[in-house]
Amino acid sequence: MEKKLLLGDEAIALGAIHAGLSGVYAYPGTPSTEITEFIQTNPYAKEQKIRSRWCTNEKTAMEAALGMSYMGRRALVCMKHVGMNVCADAFMNSAITGVNGGLIVVAADDPSMHSSQNEQDSRFYGRFAMIPIFEPSSQQEAYDMMAVAFNMSERLHTPVLMRVTTRMAHSRAVVLTTDTPQLQNPMSLPENVKHFILLPAYAKRNYAELVDAQPVFLSESNCSPYNSYTLGVNPKKAIVACGIAWNYLHENLTPDMGFSLLKVSQYPLPEQLIHQMVNDGAEEVLVMEEGQPVVEELMRGLVPSSIAVRGRLTGELPRMGELSPDSVRLALGLEPTKTL
């Protein structure tokens, strides 16, 4: 094992390389650009002849990656959040056709619009397509998740969405990397190539298979090592922290608070863990998440109406922009360390 100091984007890139990546297709846009740039300049990637292409737009990037996946190879598509709008047609259809080789779509969201024309949450696209979503809470998870996501993609024959935000993409941390990268898949055609044809006769059958796979995706999430629940000494108060919000929470958490804690870094939401939190006596749940109140809204349908669900919609956290350690402090009832 080797330790490397990596940006979140670089951890994603190196994780993909070490997971047997054959090709990356992307359209440049902050905060996603460094993923493809890292792969283009990495000596091992060059040695393994990993294909790398900047594409005309995100749709063509998605289609090129799908072509590689259909031939049994592992492919990566990278874009910023607004690029998901451009590739939506191919992205949505990929959930219906399924994949052969592993396919991961990385969407880098930009809350606070540091270099973007809007705030947008790509988790909505993952839910819309009904596919698994990963949201790393650290650079180490970003690296490790690539192999896990590629394996899941091939095992369940589905594309996987990885969603990161600006602070995760552009902050650095030490990452422990493998000494034995996985070899690339050989090219291979699936037994049933008609699965990739979306004429209605085939699409209806494929869509039924996608719907039938939802309990499997949920089971994967319930058992995921990236989702965890810890019972607190004060179980009436619980916190759900998603992705990088988990870091902000732990910067401010003290043992005397005693909250029950639910960490979410893989979707669909782990309903089994949520029900366990409810059964343990939670009466108030604070949801911390980057971007839009996706989980906060879903929680209201998963817990009894007697449980107060709080977060961005109720004013405990700001409705717009990215989270910060101080905005989380305020939500915990603590004084901020600086003027917000």
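In the predicted model, valine 285 stands opposite valine 309, a residue of strand S14. Strand S13, which spans residues 284-288, pairs with S14 in the parallel sense, and three bridges connect the two. Both strands belong to an open sheet of five strands, arranged in the order S9-S11-S10-S13-S14 with mixed pairing. The edges of this sheet are formed by strand S9 (228-230) and strand S14 (308-310), each of which pairs on one side only. Direction ignored, neighbouring strands of the sheet are turned against each other by 15° on average.

Helix H12, comprising residues 245-252, lies across three strands of the model, namely S10 (237-242), S11 (260-264) and S13. Relative to S10, the helix runs at about 135°.

A further set of contacts involves asparagine 222, which is located in helix H11 (residues 214-222). With a relative accessible area of 14%, asparagine 222 is classed as buried, because this value falls under the 20% limit for burial. The side chain of asparagine 222 reaches two backbone nitrogens: that of glutamate 271 at 3.1 Å and that of glutamine 272 at 3.0 Å. When neighbours within four places in sequence are left aside, the residues in contact with asparagine 222 are Pro270, Glu271, Gln272 and Leu273. The two residues whose backbone nitrogens are reached, glutamate 271 and glutamine 272, are thus also listed among these contacts.

The cysteines were examined for possible covalent links. A disulfide is a covalent bond between the sulfur atoms of two cysteines. A search of the whole structure finds zero disulfides. For cysteine 223, the closest cysteine sulfur is that of cysteine 242, and the separation of 19 Å is too far for a bond, since a disulfide requires the two sulfur atoms to be within 2.5 Å. Cysteine 242 is likewise in no disulfide, its nearest cysteine sulfur being that of cysteine 223, 19 Å away.

The surroundings of these two cysteines were also assessed by solvent accessibility. Cysteine 223 counts as exposed because its relative accessibility is 62%, a value over the 50% limit for that class. Cysteine 242, by contrast, counts as buried, as its relative accessibility is 0%.

Key. Residues are numbered from 1 along each chain as its sequence is written. This is a predicted model: local features need pLDDT of at least 70, side-chain atom pairs count only at pLDDT 80 or more; totals for chains, interfaces and linings use all residues. Side-chain values use heavy atoms; hydrogens and water are left out. Helices (H or I, at least four residues) and strands (E, at least two) are DSSP runs, numbered from the N terminus. Buried means under 20% relative accessible area, exposed over 50%, partly exposed in between (1.4 Å probe, protein chains only). A polar contact is a pair of N or O atoms within 3.5 Å; within protein, one must be able to donate a hydrogen and the other to accept it, and residues adjacent in sequence count only if both atoms are side-chain atoms. Contact means heavy atoms within 4.5 Å. Two strands pair if DSSP finds at least two bridges between them. Axes are lines fitted to C-alpha atoms, for helices over the stretch in contact, and angles run from 0 to 180 degrees between N-to-C directions.
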